[in-house]
Amino acid sequence: MLLKTKTKMEKQIRIGLWIIVAGLSYFLYSAIMNPIQFNKEKNQRSEKIINQLKDIRKAQIAFKEINRYYASNFDELITLIDTGEFTIVERREEELRFYNKVYREFQLKDTTFIDTLGFVSIKDSIFGSEYELESLRVIPQSNGSEIILRAGKIKSGTLSVQVFEARAPKEEYLKDLDKDLIKNTSKDLVVGSMNSAKINGNWE
């Protein structure tokens with residue numbers, strides 16, 4: 001009876017040890033693979049966001065060309081890109097003959113003429129007719145969260161400079177991934193700045 005009890009206990013101990021070994025193996029596997037899988041997913045999502053921020057920058061540059069300031073929200077930005085037009089112009093330099101009353105003679109003067117040739121859709125010029133402009137605002141895989149868009153003016157020396165910033169918070173574009181890894185190994189993706197007259201992204 002004692003032998004049977006001893007054998008049974010040894011069997012239970014072996015099973016317990018196997019369970020511990022399996023648990024430790026899974027823990028080590030997760031500790032190694034989780035960051036690898038996280039980085040793979042983060043890089044894929046970051047690439048999409050970066051391309052989106054580049055498109056926002058293109059749209060803002062076009063908006064500023066028309067209005068001389070940047071859009072401070074997506075409603076006005078998307079509306080202008082969707083309905084606005086670029087004016088196509090041609091510059092001509094010509095010499096015109098005129099009578100100089102001081103010298104009492106005819107002289108030539110260089111003159112610049114600007115001719116309007118037509119108009120072209122801003123959307124078609126930048127993105128193409130099939131581009132879905134509403135996608136500019138929404139962060140993919142975030143359940144509808146929007147990129148934070150701001151614009152305004154800052155002082156640069158004696159000048160007043162127009163600036164804008166578009167920001168995709170890491171907590172939004174990496175939503176549903178490991179929160180500790182998001183906090184410790186990731187960053188917001190940003191194009192432009194509200195503090196300086198730059199329009200590059202923080203990935204460039």
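Strand β4 is joined to strand β5 (residues 189-192) by four bridges, and the two strands run antiparallel. The model described here is a predicted one. Within the pairing of β4 with β5, Ala-168 stands opposite Leu-189.

Strand β4, residues 159-168, also pairs with strand β3, residues 148-156, again in the antiparallel sense and over nine bridges. Two positions illustrate the register of β3 against β4: Ile-148 faces Arg-167, and Gly-152 stands opposite Val-163. The connection between β3 and β4 is a hairpin with two residues between the strands. In that turn, Gly-157 has a positive phi of about 70°.

Taken together, the three strands form an open sheet in the order β3-β4-β5, with antiparallel pairing. Strands β3 and β5 stand at the edges and have a single partner strand each, so one side of each is left without a neighbour in the sheet. From one strand to the next, the twist averages 25°. As a general point, strands of a sheet pair through backbone hydrogen bonds, in either a parallel or an antiparallel arrangement. In a regular strand, side chains alternate between the two faces of the sheet.

The residue pairs named above are collected in the following table.

| Strands | Residue | Opposite residue |
|---|---|---|
| β3 and β4 | Ile-148 | Arg-167 |
| β3 and β4 | Gly-152 | Val-163 |
| β4 and β5 | Ala-168 | Leu-189 |

The report now turns to aromatic rings. A pair of such rings is described by the distance of the centres and the angle of the planes. Across the whole structure, a search finds three aromatic pairs. One of them consists of Phe-63 and Tyr-69: the ring centres lie 5.6 Å apart and the planes stand at 75°, so the pair is edge-to-face. The cut-off for that description is an angle over 60 degrees. Phe-63 counts as buried because its relative accessibility is 2%, while buried means under 20%. Tyr-69, by contrast, has a relative accessible area of 36% and is partly exposed.

Another aromatic pair, Phe-127 with Tyr-131, is stacked, with 4.4 Å from centre to centre and 20° between the planes. Of these two residues, Phe-127 has a relative accessible area of 16% and is therefore buried.

Key: Residues are numbered from 1 along each chain as its sequence is written. This is a predicted model: local features need pLDDT of at least 70, side-chain atom pairs count only at pLDDT 80 or more; totals for chains, interfaces and linings use all residues. Side-chain values use heavy atoms; hydrogens and water are left out. Two strands pair if DSSP finds at least two bridges between them. Axes are lines fitted to C-alpha atoms, for helices over the stretch in contact, and angles run from 0 to 180 degrees between N-to-C directions. Rings of Phe, Tyr and Trp (its six-membered ring) pair if their centres lie within 6.5 Å; planes under 30 degrees apart count as stacked, over 60 as edge-to-face and the rest as tilted. Buried means under 20% relative accessible area, exposed over 50%, partly exposed in between (1.4 Å probe, protein chains only).
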